[in-house]
Amino acid sequence: MKKELFLQLVAIFVITQALGLFVADRLIQEQVSVTIVNDNPQDVSNSAGLFVYIIFGTGLLLLLIKFLKDKILFFALKALESIVIFGTSTLVFSVFYDSILMVFFAIILVATRLVFYKNVLLRNVTSVISTAGAGALIGVSLGIIPVIVFLIALSIYDYIAVFKTKHMVTLAKSITAKNLSFTYALPTKEHQFELGTGDLVMPLAFAASVLTTTKLAYAFPYYFIPPIIILVASLIGLFLTMGYLSNRVGKALPALPPQAVLMIIAFILLKLVGV
């Protein structure tokens, strides 16, 4: 992997996960979570429910791409992007300062994104904030086993969607062509690589879920160590994927499966050493 791509990947990953862990820590402290199917975070039916939401959302996006004219599709996807940015940024901003003013800041961020919709750096900024908010909230709302089940299900789906049905490739092309905040842009001199926000949401969700248990067992800052180990394993998985892609420009590859394998191995090792 070339140095330029490596540095961008590390920077985006570290910033996103650090922000996300901070948000998750505050959400746990404030006992904030969401009900997915039921209010028992250890119930695996929540994993199934969340997976169904993902499939439904993906199917809806594919239908929009297939049937809407390009200009109408652009406005529809921008509206969806604005809703996501507003919701997640409000959550992230509120952990720093609990005030109605944070809603105003979220509105400014959405408005700025709408005006400068072609700006790649701003796209990455909003992707970082959205990922941090979504990943932290999912993680504190699901127990570790449900998160692992959800992670495995998404990894299998990711493989099928890229290599078999290939509909994820179609979706990714449409999103990146419109510079939407559902992927990260990693531009180099030769090529602009794209990384889906889901590939950073799921590691954060796993780490945040682990944090809900380690926060009760260890003092600050030691309770962050197991989640960080999980995230390091995820980053290694990303290195493997992006390193492979960097020598095969134009080829699509699901990033989540190798991340999932390495994160689960890291979690098992942590359990074996009594963490």
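Which residue just after α1 takes a positive phi? Exercise 1 starts there. The model is predicted.

**Exercise 1. Helix α1 and the residue that follows**

Task: Identify the residue with positive phi just after α1, then check the length of the helix against its end-to-end distance.

Solution.
- Step 1. Look just past the end of α1. Gln31 has a positive phi of about 55°.
- Step 2. Take the extent of the helix. Helix α1 covers residues 3-29, which makes 27 residues.
- Step 3. Work out the expected span. The rule is 1.5 Å times one less than the number of residues, so α1 should span 39 Å.
- Step 4. Compare. The end C-alpha atoms of α1 are 39 Å apart, which agrees with the expected span.

**Exercise 2. How α6 meets α7**

Task: Describe the packing of helix α6 (residues 144-164) against helix α7 (residues 167-177).

Solution.
- Step 1. Read the geometry. The two helices pack at an angle of about 80°, and their axes are 5 Å apart.
- Step 2. Classify the angle. Angles of 65 to 115 degrees count as roughly perpendicular. Therefore α6 and α7 are roughly perpendicular to each other.
- Step 3. List the residues that meet. From α6 come Tyr157, Ala161 and Val162; from α7 come His167, Met168 and Val169.
- Step 4. Sort this contact by character. Five of its residues are nonpolar, one is polar and none is charged.

**Exercise 3. A salt bridge between α8 and α1**

Task: Find the partner of Lys215, and decide whether each side chain's residue is buried or partly exposed.

Solution.
- Step 1. Find the pair. Lys215 forms a salt bridge with Asp25, at 2.7 Å from N to O.
- Step 2. Place both residues. Lys215 sits in helix α8 (residues 198-217) and Asp25 in helix α1, so the pair links distant parts of the chain, 190 residues apart.
- Step 3. Check Lys215. Its relative accessible area is 21%, so Lys215 is partly exposed.
- Step 4. Check Asp25. Its relative accessibility is 10%, so Asp25 counts as buried.

**Exercise 4. Two more salt bridges**

Task: The structure holds five salt bridges. Contrast Glu81 with Lys78 and Glu194 with Arg123.

Solution.
- Step 1. Start inside one helix. Glu81 and Lys78 meet at 2.6 Å, N to O.
- Step 2. Count along helix α3 (residues 70-94). The two are three residues apart, so about one helical turn separates them.
- Step 3. Check burial. Lys78 is buried at 4% relative accessibility, and Glu81 is buried at 1%.
- Step 4. Turn to the other pair. The side chains of Glu194 and Arg123 meet at 2.9 Å, N to O.
- Step 5. Place that pair. Glu194 is in strand β2 (residues 192-196) and Arg123 in helix α5 (residues 120-141), so the bridge ties together parts 71 residues apart in sequence.
- Step 6. Check burial again. Glu194 is partly exposed at 28%, whereas Arg123 is buried at 0%.
- Step 7. Look for shared partners. Salt bridges join Lys78, Glu81 and Arg113 into one network.

**Exercise 5. The surroundings of Ser174**

Task: Locate Ser174, state its burial and name the residues it touches.

Solution.
- Step 1. Locate the residue. Ser174 belongs to helix α7.
- Step 2. Apply the cut-off. Buried means under 20% relative accessible area; Ser174 has 9%, so Ser174 counts as buried.
- Step 3. Name the contacts. Leaving aside residues up to four places away in sequence, Ser174 touches Ile65, Leu73 and Leu77.
- Step 4. Add a distance. Leu253 is 79 residues from Ser174 in sequence, and their C-alpha atoms are 17 Å apart.

Conventions: Residues numbered from 1 in each chain as written. Predicted model: local features only at pLDDT ≥ 70, side-chain atom pairs only at ≥ 80, totals over all residues. Heavy atoms only, no water. Axes fitted to C-alpha atoms, helices over the stretch in contact; angles between N-to-C directions. Helix = DSSP H or I, 4+ residues; strand = E, 2+ residues; numbered from the N terminus. Parallel < 35°, antiparallel > 145°, perpendicular 65-115°, else oblique. Contact = heavy atoms within 4.5 Å. Nonpolar A, V, L, I, M, F, W, Y, C, P; charged D, E, K, R; others polar. Salt bridge = Lys/Arg side-chain N within 4 Å of Asp/Glu carboxyl O. Buried < 20%, exposed > 50% of the residue type's maximum accessible area, 1.4 Å probe, protein only.
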